[in-house]
Amino acid sequence: SPSRRDAPISPSRRSIPSASNRSFTLRRDSFVSSSANLRAHAGGDLLVTVADFLTSCSADQIRMAPDKFLNVCRVLKNEVMQLNAPIRGIAPLRAAVRKIQTSSEQLTPLHAEYLMLCLLAKQYKAGLSVLEDDIFEVDQPKDLFLYCYYGAMIYIGLKKFRKALELLHNAVTAPMSSLNAITVEAYKKYVLVSLIQSGQVPSFPKYTSSTAQRNLKNHTQIYVDLSTCYGTGSYSDLETFIQSNAEAFQTDNNFGLVKQVLSSMYKRNIQRLTQTYLTLSLEDIASSVQLNTPKEAEMHVLRMIEDGEIHATINQKDGMVSFNEDPEQYKSSEMVEHIDSSIQRLMALSKKLTSIDQNISCDHAFLMKVQSGRERARFDYDDFDSVPHKYF
């Protein structure tokens, strides 16, 4: 008798058409082998047939044959790609993600496929349905890298740069024994989004793998140089650097982000002025940040005020800008609710991390690796040196 893993996929009773036996063909191995076989057995529109199956099949049944179910999902993805209609695959794949998951904390191979379709269809908000879940269970490293990379691109499309940075940070700092192409591309975007969001690129945290720390910058030197040029605060120098390397940025499909980096230089320089002056004329601001006219300076200041990036008022009569302190007193009911929800989330995360830590501490493979490390470190430096360390 076949094992549970090799059990045939069987759709739920409500997915069986009354006038046809098409859904029964999903039980066959040939059905999931290729899009050609799928089309031959579908007896109509392939996408409609497969989409109907993905949305109406039994979650319990498809989990008995996950590999075959994933093949069906990939055939659907490939079909919508060939038809240049990625939007047609979004709803079925979203349903498939939820059905193959054992919990919302599990990362599946379908997450990356789904996010890729959302990107190609420019349906960025649709991607949030899976990105807003907290992921704690990862089976394959590649799934994590792709999830972080595609997810970050969706957040970039929505101009949510802080959330994009979180995912890019995870892709760059995730454990790895050898460098992979996804991490290299993620680091390029990590540099650009860091400059847009905060004006600087953070150094690698200590938990970053030694492989990434040693090799990433060597594969992304032009982006490291861009960051260095940005740090000088000179708009003209940065513009010259970008123009001279435009072809490389375009090849990486990052030229749009690079132009946003250039635009953010104005904001960064205006923010520096708020740390030095209490009042300043629009003409002086334009001169200091290398804008052409006071009118352009006014537009930048107004946009920054609207976005909450600075606190200032503009006197239209004399063209003076007054920089103010943050008016938030943290007393409003909305702020109290925000703080309370943040505390509740932190408490839940702390509880989850404690549980994960306890599970890892009891894991046999982890304990064996720790024991092996202790065996190697049994002899320390003092055993081979007669001079105590305190005299060094």
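**Group meeting: two loops, a buried glutamate and a surface patch**

Good morning. I begin with Lys159, which lies in the loop between helix 8 (141-157) and helix 9 (161-173); helices here are DSSP runs of H or I with at least four residues, strands are runs of E with at least two, and both are numbered from the N terminus. Phi of Lys159 is near 65°, a positive value in a residue that is not glycine.

A word on the basis of these statements. The model is predicted, so that local features need pLDDT of at least 70 and side-chain atom pairs count only at pLDDT 80 or more, whereas totals for chains, interfaces and linings use all residues. Residues are numbered from 1 along each chain as its sequence is written, and side-chain values use heavy atoms, with hydrogens and water left out.

A second loop connects helix 16 (282-288) and helix 17 (294-306), and Gln290 lies in it. Gln290 also has a positive phi, of about 65°, without being a glycine. Its relative accessible area is 34%, so Gln290 is partly exposed; buried means under 20%, exposed over 50%, and partly exposed in between, with a 1.4 Å probe and protein chains only.

Let me turn to the chain as a whole. The protein chain has 19 helices and 5 strands. Of its 392 residues, 40% are buried. Among contacts (heavy atoms within 4.5 Å) with a separation of 6 or more, 61% are between residues 24 or more positions apart. The chain exposes about 22700 Å², of which carbon and sulfur atoms supply 51%; accessible areas come from the Shrake-Rupley method with a 1.4 Å probe, and for residues only the protein chains shown count as cover.

Next, Glu113, whose place is in helix 6 (residues 109-120). Is Glu113 buried or exposed? Glu113 is buried, because its relative accessible area is 14%. Beyond its neighbours within four places in sequence, Glu113 is in contact with Arg74, Lys77 and Leu93. The side chains of Glu113 and Lys77 are joined by a polar contact of 3.0 Å; the term denotes a pair of N or O atoms within 3.5 Å where, within protein, one must be able to donate a hydrogen and the other to accept it, and residues adjacent in sequence count only if both atoms are side-chain atoms.

Finally, the surface. Tyr330, Ile339, Ile343 and Met347 make a nonpolar patch of about 400 Å². Such patches join nonpolar side chains (Val, Leu, Ile, Met, Phe, Trp, Tyr) within 5 Å, and like charges within 9 Å, using residues with over 30% relative accessible area and no salt bridge, that is, no side-chain nitrogen of Lys or Arg within 4 Å of a carboxyl oxygen of Asp or Glu. Ile339 belongs to helix 18 (residues 333-361) and is partly exposed, with a relative accessible area of 37%.
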